[in-house]
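Student: I've just opened this one and don't know where to begin. Could you walk me through it?
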Amino acid sequence: MTKLIPIEEDAVVVGYMFYCPGCNENHALYIRPSKVRSGATWDFNGDMEKPAFYPSLLTIIEQANKRFRVCHLYVRDGKLQFLTDCTHSLAGQLVEIPDQD
Ligand SMILES: [Zn+2]
């Protein structure tokens, strides 16, 4: 059981996925100094039990050029702090990162 699923490229961990219970899907965070095509990378505290990433993660899902869903969160101390601009039901809430197999 783990909160974070490593993302590997050429046998090197370049980031982690975690399950977002607000979106009901995984989000990916690429860690510095990895270079990824999207360009966005985060600082990771290296703690698999109580992970923290900085800065926040903003996910905007668009459909037909309209904002369909916004998810904005901080990963801190093994928890997800959802900010109030999320469009899902966990906006403004602090929840434990779900364990995954
Ligand atoms: Zn989300």
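Tutor: Sure, and a couple of terms come first: strands (E, at least two residues) and helices (H or I, at least four) are DSSP runs, numbered from the N terminus. Two strands pair if DSSP finds at least two bridges between them. What you see is a predicted model, where local features need pLDDT of at least 70, side-chain atom pairs count only at pLDDT 80 or more, and totals for chains, interfaces and linings use all residues. Residues are numbered from 1 along each chain as its sequence is written.

Student: In what order do the strands of the five-strand open sheet lie?
Tutor: The pairing in this open sheet is antiparallel. At its edges are strand E4 (43-44) and E8, each pairing on one side only. Reading across the sheet, the order is E4-E5-E6-E7-E8.

Student: How many helices and strands does the protein chain have?
Tutor: Read from the N terminus on, the elements go β-β-β-β-β-β-β-β. That gives zero helices and eight strands.

Student: Which strands form the three-strand open sheet, and in what order?
Tutor: Here too the pairing is antiparallel. The edge strands are E1 and strand E3 (25-30), each of which pairs on one side only. The order is E1-E2-E3.

Student: Which residue in E2 stands opposite Ile-7?
Tutor: Strand E1 (residues 5-9) and strand E2 (residues 12-20) pair in the antiparallel sense over five bridges. Glu-8 stands opposite Val-13 in E2. For Ile-7, the residue opposite is Gly-15.

Student: What phi does Ala-11 have?
Tutor: Ala-11 sits in the loop between E1 and E2. Most residues other than glycine have a negative phi. In this hairpin, which has two residues between the strands, Asp-10 takes a positive phi near 55 degrees. Ala-11 isn't a glycine either, yet its phi is positive, at about 65 degrees.

Student: Is Ala-11 buried or exposed?
Tutor: We count other C-beta atoms, placed from the backbone, within 10 Å of a residue's own: 20 or more is buried, 12 or fewer is exposed, and in between is partly exposed. Ala-11 has 5 such atoms, so the label is exposed.

Student: And Asp-77: buried, partly exposed or exposed?
Tutor: Asp-77 is found in the loop between E6 and E7, and has a positive phi of about 55 degrees although it is not a glycine. There are 15 other C-beta atoms within 10 Å, so Asp-77 is partly exposed.

Student: Which residue in E6 is the bridge partner of Ile-61?
Tutor: E5 and E6 run antiparallel, with eight bridges joining them. The partner of Ile-61 is Arg-69.

Student: Which two residues does a cis peptide bond join?
Tutor: Most peptide bonds are trans. This one has an omega of about 0 degrees. Pro-55, which belongs to strand E5, is one end of the bond, so to speak, and the pair is Tyr-54 and Pro-55.

Student: Which residues touch the most other members of the largest nonpolar core?
Tutor: A nonpolar core is a set of buried Ala, Val, Leu, Ile, Met, Phe, Trp, Tyr and Cys residues joined through C-beta atoms within 7 Å. E2, strand E5 (53-63), strand E6 (66-76) and strand E7 (79-82) each supply at least two residues. Of the 13 members, those touching the most others are Phe-18, Cys-71, Leu-73, Val-75, Leu-80 and Phe-82.

Student: Which residues does Leu-80 touch?
Tutor: A contact means that two C-beta atoms, placed from the backbone, lie within 7 Å. Leaving out residues up to four places away in sequence, Leu-80 touches Leu-73, Val-75, Val-95 and Ile-97.

Student: How far apart in space are Gln-100 and Lys-3?
Tutor: Gln-100 lies in the segment after strand E8 (94-96). Beyond its neighbours within four places in sequence, Gln-100 is in contact with Thr-2, Ile-5 and Tyr-19. Gln-100 and Lys-3 are 97 residues apart in sequence, but C-alpha to C-alpha the distance is 5.9 Å.

Student: What radius of gyration does the protein chain have?
Tutor: It is taken over C-alpha atoms, and the globule rule is 2.2 Å times the number of residues to the power 0.38. With 101 residues, a compact globule would come out near 13 Å, and the protein chain agrees, at 13 Å.
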